[in-house]
Amino acid sequence: MKYYFLKYSYCCILLLFFSFGVEAQTGASIPESAADQSISLKRQKFSYFVSDRASEAGKTEVYKIISTNERPGLILIRGHIEIADNPALKRAKIVVYNASNEEKIGIYSSSSDNRVGVYNTNPLTGNYLLILVPNVHYIFKVEADGYEMAQQQVEVPLRIDYEVCRQEIKLRKNEQRKSVLIIRNYFSDENERVFFLKAAPDTLAGDADYPSPIPAPNKAGVVGKAYLTIDELVKRQVEEEKKKPVEAMRAFKSADYATALPLYAYLVKNDQADPFLNYYYGVCLFHSSQNKARAIPYLELASHSPKVPYDVFLYLAKSYHLSYMFNDALNAIAWFRKKARPDEVLKNQVAELQANCNSGNTLMSEQDNIEVLKRVPMQDEDLLSYYNPDLISERLLYKTDFFNSPVDKKQKAKLLMCKWGRNQIIQVSYGMKEQNSKDLYYNIISASGVKGQSVSLGAEINTPYDEDYPYISKDGKTLYFSSKGHDSMGGYDIFKCTRKDTLSLWSKPVNMGYPINSPYDDILYVPASEGVDDGEAASYCSNRKNGKFEYIQIRRHQRALSYYIIKGCFSTLDSTDNRNGILTVYNAETEEIAGVYKTNAENGNYLMALVAGTTYHLVVEADGYPPIKKDFILPEKTSDFVLRQEIVLRKEGTFDILTLNNYFTEEEARKATLVNDALEQGLSKRKDKPKKESASVHFFNTGKLKRTAEQTAADEEVMKKAKALYEDGKYQECVDAYQRLEIEIDLDPISSYYLGMGLYLTSHDKTDCLSDLEFASTSKAVPPDVYYYLGRANQFSYRFSRAIKAFEKFKLHAPSHDIEKLEVDKQIEYCRNGIKLVNNPVVLEVYERREVSKETMHLAFTQLESGGRLLITPDDLRSTIDKQKNYRSVLFLSADKNTILFSSYGENGLNGKDIYRLNQIGDGKWNLQPQNLVDINTEFDEEYPILSADGKTLYFSSKGFDSMGGYDIYKSTWDENTASWSKPVNMGAPINSPFDDMYYVE
């Protein structure tokens, strides 16, 4: 291997170049203070590595981890099976396999039974209990009477958010009477593919790339020399109009909704029927407006287009929920569930939103009778300053460090505690273990001031969600607190528990009901007296109005509320009759929402249920009109009849006029009914023909119908075109064509082969193609390479034993030169290594991760703990073969500037890429010839070397040794006695994977 001689002056230039280059990335170096040095020492417990296992093409991810020598823990999973076609059938057998060694291949396990476990469901309830290890891929095989065995792969995550996890299994038969299995897992709030180590928030992600503010149009010089003709003026205006959608989309994608909102308001006004404009405008309204009802009509219109992103249903559900329209929210949730992936449903907490809506329906139907005595906007964060000191003084306090757990101190949150008696407290805490939620704990303070052990108030009160803001009566028998769990209608709801005496257990928490609670945050309920009577007064805080907290004083009454039904009709007197509106009704006395009502878009009808004897504020919203307010009083009825109401919007010049006609006497209501019936008949006659149902997301093909001869011929033509697309290398187009066809017909093995291969070549997640390749492999007409790619897909899915089985079949059918070219025996060895490594996992926790490009991933380590540096290898260290292959490695420079490690193909490239070393030999001179580290190099590729701070541990990546596929990370230590590197040790799973794993840094 021929290299240029490295002189000391060259190294100085190299180091100087690197210093400028890296400082440009990281900023100027700042001396650490003592505190900073302390923090730096604490950070040394973290390690980092890079992997492309969960990234898009050309991308990698940097993981921040802590690994331990502990054994993997076990988790408890409570499950329930539901058999859709036979709900009475509860008996089933669940056989669980480790995906890596699902098939018996005669290695690793000394047991003749390769199953993880066999579990029988309760024949009466369908419930079952599993105990599994986190961070493992499992195969669940489920059998029941009358159903053939069905299976699904399940990933138990590295991070478990619940003490007892939940699982749901659904078994049904499809149109071909074959068993279909659906397994839903509730292990983690994130629901991420965590064997791929996506187990923590993206706290390392950089700031969003927000565009510069859109400049205001320049009104000066409009008719001056800049515009010589009217045509030029028009052209300029057209160009400006063309920019608006681009500017709006740029702001929308950057989540700059304040900028996007007026732009989309303008665009929607110009094209009110465009579903995408309505979608973008509705989303902007949702994020920008406190009154979420304003977004509803736009999102509703957008939801009727199958091309609009299906998260429109999620925004609709949230808008409905926060507008107290719980039934509509439940309907929108149902549509979102039909369109979204299970991980999206879990990530967006759809189940929790659904539970909030169900609770909201119940609580709104049992509305409490309250009188609002006082509402005060809160101006500062000290909410205790608003309460009567006679009620909370020396009883309700912010916790000090004396009462904070280590986790509380780490969270740096202001937490409350409430004292009762001489020495007892109820406090809010994150607990002693890392968790995302707050719970309520009980403590006793001894006479000497020593805090007793914190005891959780238990699962009856604490939930997986936040519990906070406790207040306990002086006698210790009544506890008020706020929770996001239980039967909350959204955000924090206020709950109440009681007990007979201070030694008894607390009763089940009871929601304080509406209007004390709302879909927003309602906190810190403090009664004015200990007793509960007809005139009970209390105080609490809520942010339901304008998103800002208010201090509210109320008096509760025991008298039941009586509701009246109002039947109304809404219309606009415009050139086009619009009957689609949103009506928001507020109780004028309490300023609480009494209801939000949608009018029927066809006839404008609506129904209101309101409490009699009350004054209301009515806010009407419709397309083309600003929100307009009108008051009305609902009197007590003297006889039994239906109240009627009419709302009309119209424009008079520049004014928007709202006419509200109330027919609240029996005679008025009778006349209004006759008039309204006549209007509806006239409206019906104006309809020349029934409204045509447009194709929308609300209509689905429920089964594969029998094809006609003409349709079959068309299907065959599509298959020919799809095959041609594959042969032309247009794999994504091929996949799209086959998947559209698959909706209508069952593909034959040849078509499944091309679909499976297309998926393999275009999808990073190789589990997508498994079923198609498996089906294709059942036909002798399919090319034998189906077994190779089936093996590779199983290998990337951690199903190593199945991969080995597929590779062995490939060896039986493929010519020897293909077997050698594709290194099939090496792939089998990778899979055998994978079984061993996955079944002996390293226990670790992922704290952070971020995505970087492969070309710049070395820049993720600009501040190595060892003091070393990473930089691009200069031409002087590249061999002739490196240059021929256009290969340029990243070199490692030790902290003492005496050692350089880098990768190269060397003089002949026969052993792939090897790691080389250069040392300073004194007086600024370096070795003339780089040293090949023969102790760690193999016939396969070695790359990405990094030394530890003391220079005695070498981390690098290799495709040799006992790799499980791609690059695996290895560790080797320097032996002073033999002056050599020890045999490299694989860092194990899940640090390593069947993908490329690189750059392990302490």
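**Helix 18, ring pairs and cores in a predicted model**

Trainee: What covers the buried residues of helix 18?

Mentor: The model is predicted, so that local features need pLDDT of at least 70 and side-chain atom pairs count only at pLDDT 80 or more, while totals for chains, interfaces and linings use all residues. Residues are numbered from 1 along each chain as its sequence is written, and side-chain values use heavy atoms, with hydrogens and water left out. Helices and strands are DSSP runs numbered from the N terminus (H or I, at least four residues; E, at least two), buried means under 20% relative accessible area, exposed over 50% and partly exposed in between (1.4 Å probe, protein chains only), and contact means heavy atoms within 4.5 Å. On these terms, the cover of the buried residues of helix 18 includes helix 16 (749-762), helix 17 (770-776), helix 19 (800-813) and helix 21 (824-838).

Trainee: How many residues of helix 18 are buried?

Mentor: Helix 18 runs over residues 785-796 and reaches 17 Å from its first C-alpha to its last, close to the 16 Å expected at 1.5 Å a residue (1.5 Å times one less than the number of residues). The buried residues include Tyr-787, Tyr-788, Arg-792 and Phe-796. Helix 18 is largely enclosed by the rest of the structure, because the number of its 12 residues that are buried is 10.

Trainee: Which residue takes a positive phi just after helix 18, and what is its value?

Mentor: Positive phi also occurs elsewhere in residues other than glycine: Ala-255 has a phi near 60 degrees in the loop between helix 3 and helix 4, and Tyr-999 has one of about 55 degrees in strand 44. Ala-255 is partly exposed at 36% relative accessible area, whereas Tyr-999 is buried at 1%. Just after helix 18, the residue is Tyr-798, with a phi of about 70 degrees.

Trainee: Why is the pair of Tyr-281 and Tyr-298 called stacked or edge-to-face?

Mentor: The structure holds 40 aromatic pairs, where rings of Phe, Tyr and Trp (its six-membered ring) pair if their centres lie within 6.5 Å, with planes under 30 degrees apart counted as stacked, over 60 as edge-to-face and the rest as tilted. The ring centres of Tyr-281 and Tyr-298 are 4.7 Å apart and their planes stand at 75 degrees, so this pair is edge-to-face.

Trainee: How many residues apart in sequence are the parts that this pair of Tyr-281 and Tyr-298 ties together?

Mentor: Both partners are buried, Tyr-281 at 10% relative accessibility and Tyr-298 at 14%. Because Tyr-281 lies in helix 5 (residues 275-288) and Tyr-298 in helix 6 (residues 296-303), the separation in sequence of the parts tied together is 17 residues.

Trainee: Which residues of the largest nonpolar core touch the most other members?

Mentor: A nonpolar core is a set of buried Ala, Val, Leu, Ile, Met, Phe, Trp, Tyr and Cys residues joined through side-chain atoms within 4.5 Å, and the largest holds 53 residues. Ring pairs link Phe-252, Tyr-257, Tyr-264, Tyr-279 and Tyr-280 into a cluster, and Phe-252, leaving aside its neighbours within four places in sequence, has contacts that include Ala-260, Val-283 and Cys-284. The members that touch the most others are Phe-252, Tyr-264 and Tyr-279.

Trainee: Which strand supplies at least two residues of this largest core?

Mentor: The helices that each supply at least two residues of this core include helix 3 (230-253), helix 4 (257-270) and helix 10 (350-365). A second, separate core of 45 residues includes Cys-769, Ile-804, Val-824 and Phe-995. For the largest core, the strand listed is strand 26 (593-598).

Trainee: Is Glu-300 buried or exposed?

Mentor: Glu-300 is found in helix 6, and, with its neighbours within four places in sequence left aside, it is in contact with Leu-316, Tyr-320 and Lys-598. With a relative accessible area of 13%, Glu-300 is buried.

Trainee: Where does Pro-515 lie?

Mentor: The peptide bond from Tyr-514 to Pro-515 is cis, with omega near 10 degrees, and another cis bond joins Ala-989 and Pro-990, with omega about 5 degrees. Pro-990 lies in the loop between strand 43 (985-986) and strand 44 (997-1001), and Pro-515 lies in the loop between strand 20 (510-511) and strand 21 (522-527).
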